[in-house]
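Trainee: I have a new model open and would like to walk through it with you. Could we take it one question at a time?

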2 protein chains.
Amino acid sequence: MKFDDHKYSGVYKSQIQKVDVILNSLLKNRKPKSLYEPCSYILEGKGKRLRPFLVLVSAKSVGGSFAKYYNAAAAVEILHNFTLVHDDIMDNSDKRRGRLTLHKKYDVNTAILAGDNLIALAYECLLKDSKKNVSQVVSTFTHGIIEVCEGQSLDKDFEVRDKVSLAEYKVMIYKKTAALAEMCCILGGQLAGCTKKEINALSSYGKNLGMAFQIQDDLLDIIGDEQEFGKKIGSDLIEGKKTYLFLRALQKAKSTDMGILQKMVKQKGIERSEIENYKNLYIRLGILKDAKKEIEHYTKLAIKSVTSLRNKEGQQLMIWLANALINRNK
Amino acid sequence: MKFDDHKYSGVYKSQIQKVDVILNSLLKNRKPKSLYEPCSYILEGKGKRLRPFLVLVSAKSVGGSFAKYYNAAAAVEILHNFTLVHDDIMDNSDKRRGRLTLHKKYDVNTAILAGDNLIALAYECLLKDSKKNVSQVVSTFTHGIIEVCEGQSLDKDFEVRDKVSLAEYKVMIYKKTAALAEMCCILGGQLAGCTKKEINALSSYGKNLGMAFQIQDDLLDIIGDEQEFGKKIGSDLIEGKKTYLFLRALQKAKSTDMGILQKMVKQKGIERSEIENYKNLYIRLGILKDAKKEIEHYTKLAIKSVTSLRNKEGQQLMIWLANALINRNK
């Protein structure tokens, strides 16, 4: 099953279009141009819109209707884009979704300010769809932002630390990536007014899906299709990133292999010409298989979580999505 | 009447201490240290805590009690500190409140992330004191952030523009400074559950107080006490800032004087040795008097706004505050 060869992919596409309508109209006629043009620029980038879809299917799965939550769905996408803008400054990245990053297209100050404004715009959007339990909904959203900031801070810490355990890495990717997916799912449930038991199920789905997503992202850096994935293969190795693959390899490597791995840490990255060597090392140590197993493990946990949800179509969409993400190549 | 020679200054000090207790305990035991140490660093700086006091007196003036709104008061101070952290990066400022700015103490990436996290922490604090009309309260808060971002963007635009009118300048300082003071007052009123008429009175008070505050800030750059004001006299001129004083001078200057003023624009600032010349020019053109009149004008409007508010102590505190701010030297 692939991301776009199933009847549910039609639902996904049509719902995401509705969210895009909001994203495209939200900033029209706002001034000053120096602030809103950059904000529009990042929102126009073609992302997967995975997070808004999580809000929508989660609301659906507990009996809500898609149409009531497009603003909230747009809100999480805006929030996600804020993280991209500021992360790209911190990582000094040039490209994002095949286009110049915001701070390269404009400048760092503009990107800082656009990111700040996106946070507030996200809250503005969220409030439009929050009728009851507003305090709960806003609290969930806010908690998600704090987790993302903590995760990004850990990620920066790990860049300069020599030793990072796989357990620490998982905490980091939980906070940096999975917590936001979890937030989207809880948000959808809360907006639709679900039970506490359902919140737990949605939380577990989002969290495990997010973990699978990030490890898949790490894996795609080695086995992905450059064209589809939108970035050069082996970038994580070149940048010296301590990914799941790398940390798992450190656990399993002995003597010579260990030396090769530690070289990457010491030199804070490798040359492009060395990527093939590292890929072969990963294969030799069984790392790619381990990563696939780990992704399957989290995906199974995600799928298992949704069995108790009351709306079958929502439930099926969530199962489809989890499987589709495993098979993605971008 | 000065800031600290009146019975109301005792109320101010004691209430601000309660807010500081919250600010000091909020981040205890949070991890990672790499994120929360910088957040604590900026909150520990000794600010006037003017904005939290606005929340408290506004709530008081419509019949609320101080004690119920310390978290909301802390929230606006946290939000204000976020703006300081990110503005200081954009302005490349070295010092703030007599200490190193956050990005100089740590680094730019840390400061970006700490600022982001402060926004979320501010919402977290705000929610603690929001029981009813949460949607309204969060919307007011969010709108305040958007205004500040728009104001900061205009401020950056004006830096590189040759011509800025006094009217445009007022729009900018409204958004960058006065809108946040206005937001604090509206917030206090909404939290205490006041009437629409009272919201209008509080809005007018905050807005006009904010305008007076910013023009006073511009004035203090020329006539302030360096020790008290916490920054070098004439900094705005050295940095080539188009302040109220400068733009008013442009309106009134003729021939030679006009040439001197335009030199500052062309050269994007002046030398320290030239400050005295510009000060004398301002005096010759009657600019300092004009600024004082303008400050008095906004202060009178602020004071006039509060006459209809139901609680006399709150009202008196607001009048005291407006007068005290006129007489401040920092």
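Here is our conversation, question by question, about this predicted model.

Trainee: Which axis relates chain B to chain A?
Mentor: Let's start with the superposition: chain B can be laid on chain A with an RMSD of 0.0 Å. The operation is a turn of 180° with a shift of 0.0 Å along the axis. That is therefore the relation of a two-fold axis.

Trainee: And in chain B, which residue has the C-alpha nearest the axis?
Mentor: Look for the C-alpha 3.2 Å from the axis. In chain B, that atom belongs to B:Val134.

Trainee: Do the copies meet through the same surface or a different one, and why?
Mentor: Good one to check! The contact takes 32 residues from chain A and 32 residues from chain B. Of the interface residues of chain B, 100% are also interface residues in chain A, so the copies meet through the same surface.

Trainee: Which helix gives the most to the side of chain B that touches chain A?
Mentor: Four helices of chain B each supply at least two residues there: α2 (33-44), α4 (70-91), α6 (108-128) and α7 (134-160). By character, the residues on this side divide into 17 nonpolar, 10 polar and five charged. The top contributor, with 14 residues, is α7(B).

Trainee: How do α7(A) and α7(B) pack, and what is the hand of their crossing?
Mentor: Two packed helices are described by the angle between their axes and the distance between the axes. Here α7(A) and α7(B) pack at an angle of about 40°, with axes 9 Å apart. The crossing of α7(A) and α7(B) is left-handed.

Trainee: Which residues of α7(B) meet α7(A)?
Mentor: From α7(A) come A:Val134, A:Ser135 and A:Val138. The residues of this helix-helix contact divide into four nonpolar, two polar and no charged. On the α7(B) side, the residues are B:Val134, B:Ser135 and B:Val138.

Trainee: Which helix gives the most to the largest nonpolar core?
Mentor: That core has 206 residues, and A:Val55 is one of those that touch the most other members. Beyond four places away in sequence, the residues A:Val55 touches include A:Tyr69, A:Val76, A:Cys184 and A:Leu187. The helix that gives the most to this core, with 14 residues, is α8 (166-191) of chain A.

Trainee: Is A:Tyr282 buried or exposed?
Mentor: A:Tyr282 is found in α14 (275-285) of chain A, and among the residues it touches are A:Ile222, A:Leu245 and A:Ala249. The cut-off for burial is 20 or more other C-beta atoms within 10 Å. With 25 C-beta neighbours inside 10 Å, A:Tyr282 therefore counts as buried.

Technical notes. Residues numbered from 1 in each chain as written. Chains lettered and ligands numbered in written order. Predicted model: local features only at pLDDT ≥ 70, side-chain atom pairs only at ≥ 80, totals over all residues. Contact = placed C-beta atoms within 7 Å. Nonpolar A, V, L, I, M, F, W, Y, C, P; charged D, E, K, R; others polar. Least-squares fit on C-alpha atoms with pLDDT ≥ 70 in both. Axes fitted to C-alpha atoms, helices over the stretch in contact; angles between N-to-C directions. Left-handed = near helix turned anticlockwise from the far one by under 90°. Core = buried A, V, L, I, M, F, W, Y, C linked by C-beta atoms within 7 Å. Buried ≥ 20, exposed ≤ 12 C-beta atoms within 10 Å, placed from the backbone.
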